[in-house]
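Biologist: I have a sequence and a model in front of me. Can we go through it residue by residue, then step back?

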Amino acid sequence: DKLSDKDTLYVSYRKGQRSAKGFLDDYANEAFALLALYEATLDSAYLDKARQFCNKAISDFYDEEQGGFFLYGRENEQLVLRPKETYDGAVFSGNSAMAYNIVQLYYITGEKRFGDLAGRQLHFMGGEAAHYPAGHAMFLIALGDYVDPPQKITVVVKDMQDIAALPCRVSLNTVVQVLKNPTEE
């Protein structure tokens, strides 16, 4: 409630005041957490919010010319340098998390634009990881999911209350999409 306003994240909140707008890692990790919540609950509100934060990160942080995501966005204070963090240390980088998020959104939603962006982001990260693959573990997970797509299960429910009765035991290499109504697909 305090660290976000619609699709904008903030770094901190204290005594009724928000600080600077969020950085790539804030958006990437928030979307990652929301995708995990969607996977655990199949509540589409989490998926919608993850998509919203990923779209904001794409519009504010993505480098259309050379690929990859900058550490700070167009709405942040502009510094002399605009770095792109790619190394996964104790915490994975925003670029690796965004690669994972975009791949997951592509497979869950089937949206072509996420598929196209996933290919570009993985290509960018591949160049970075070539020098030291062990330092890019989250990227390698995203790449593995992209190269060996997960099994997709689509569930159409009459009532969203029916989701609670679904057996949620699926293999790790599976994505589940829940639809409220049948589609042409």
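Biologist: Is Asp48 buried, partly exposed or exposed?
Modeller: This is a predicted model, where local features need pLDDT of at least 70, side-chain atom pairs count only at pLDDT 80 or more, and totals for chains, interfaces and linings use all residues. Buried means under 20% relative accessible area, exposed means over 50%, and partly exposed lies in between (1.4 Å probe, protein chains only). Asp48 has a relative accessible area of 40%, so Asp48 is partly exposed.

Biologist: Which side chain does Asp48 meet in a salt bridge?
Modeller: Residues are numbered from 1 along each chain as its sequence is written, and side-chain values use heavy atoms, with hydrogens and water left out. A salt bridge is a side-chain nitrogen of Lys or Arg within 4 Å of a carboxyl oxygen of Asp or Glu. The partner lies in helix H2 with Asp48, three residues apart, about one turn of the helix. At 3.6 Å, N to O, the partner is Arg51.

Biologist: Where do Asp60 and Lys56 lie?
Modeller: Their side chains meet in a salt bridge at 3.3 Å, N to O. Both residues are buried. They are four residues apart, so about one helical turn separates them, and their element is helix H2.

Biologist: Which residues do salt bridges with shared partners join into one network?
Modeller: Asp60 and Lys56 form one salt bridge. Lys21 and Glu75 form another, at 3.0 Å, N to O. Through shared partners, the network joins Lys21, Lys56, Asp60 and Glu75.

Biologist: How many residues apart in sequence are the parts that Lys21 and Glu75 tie together?
Modeller: Lys21 is partly exposed at 30% relative accessibility, and Glu75 is partly exposed at 40%. Helices (H or I, at least four residues) and strands (E, at least two) are DSSP runs, numbered from the N terminus. Lys21 sits in the loop between strand E4 (17–18) and helix H1 (24–41), and Glu75 in the loop between helix H2 (44–61) and helix H3 (94–109), so the tied parts are separated in sequence by 54 residues.

Biologist: How many salt bridges does a search of the whole structure find?
Modeller: Side chains of opposite charge can pair when their charged atoms come close. Lys21 with Glu75 is one such pair. The search finds eight.

Biologist: Is His136 buried or exposed?
Modeller: His136 is in the loop between helix H4 (112–129) and helix H5 (137–147). Contact means heavy atoms within 4.5 Å. Leaving aside neighbours within four places in sequence, His136 contacts residues including Tyr87, Asp88 and Met125. With a relative accessible area of 4%, His136 is buried.

Biologist: Which residues does Ala28 touch, not counting those up to four places away in sequence?
Modeller: Ala28 is in helix H1. At 0% relative accessibility, Ala28 is buried. The residues touched are Gly94, Ala97, Met98 and Asn101.

Biologist: Now the whole chain. What pattern does the protein follow along the sequence?
Modeller: The protein has five helices and six strands. Read in order, the pattern is β-β-β-β-α-α-α-α-α-β-β.

Biologist: What is the radius of gyration of the protein?
Modeller: The radius is taken over C-alpha atoms, and the globule rule is 2.2 Å times the number of residues to the power 0.38. For 185 residues the rule gives 16 Å, and the protein comes close, so it is as compact as a globular protein of that length, with a radius of gyration of 17 Å.
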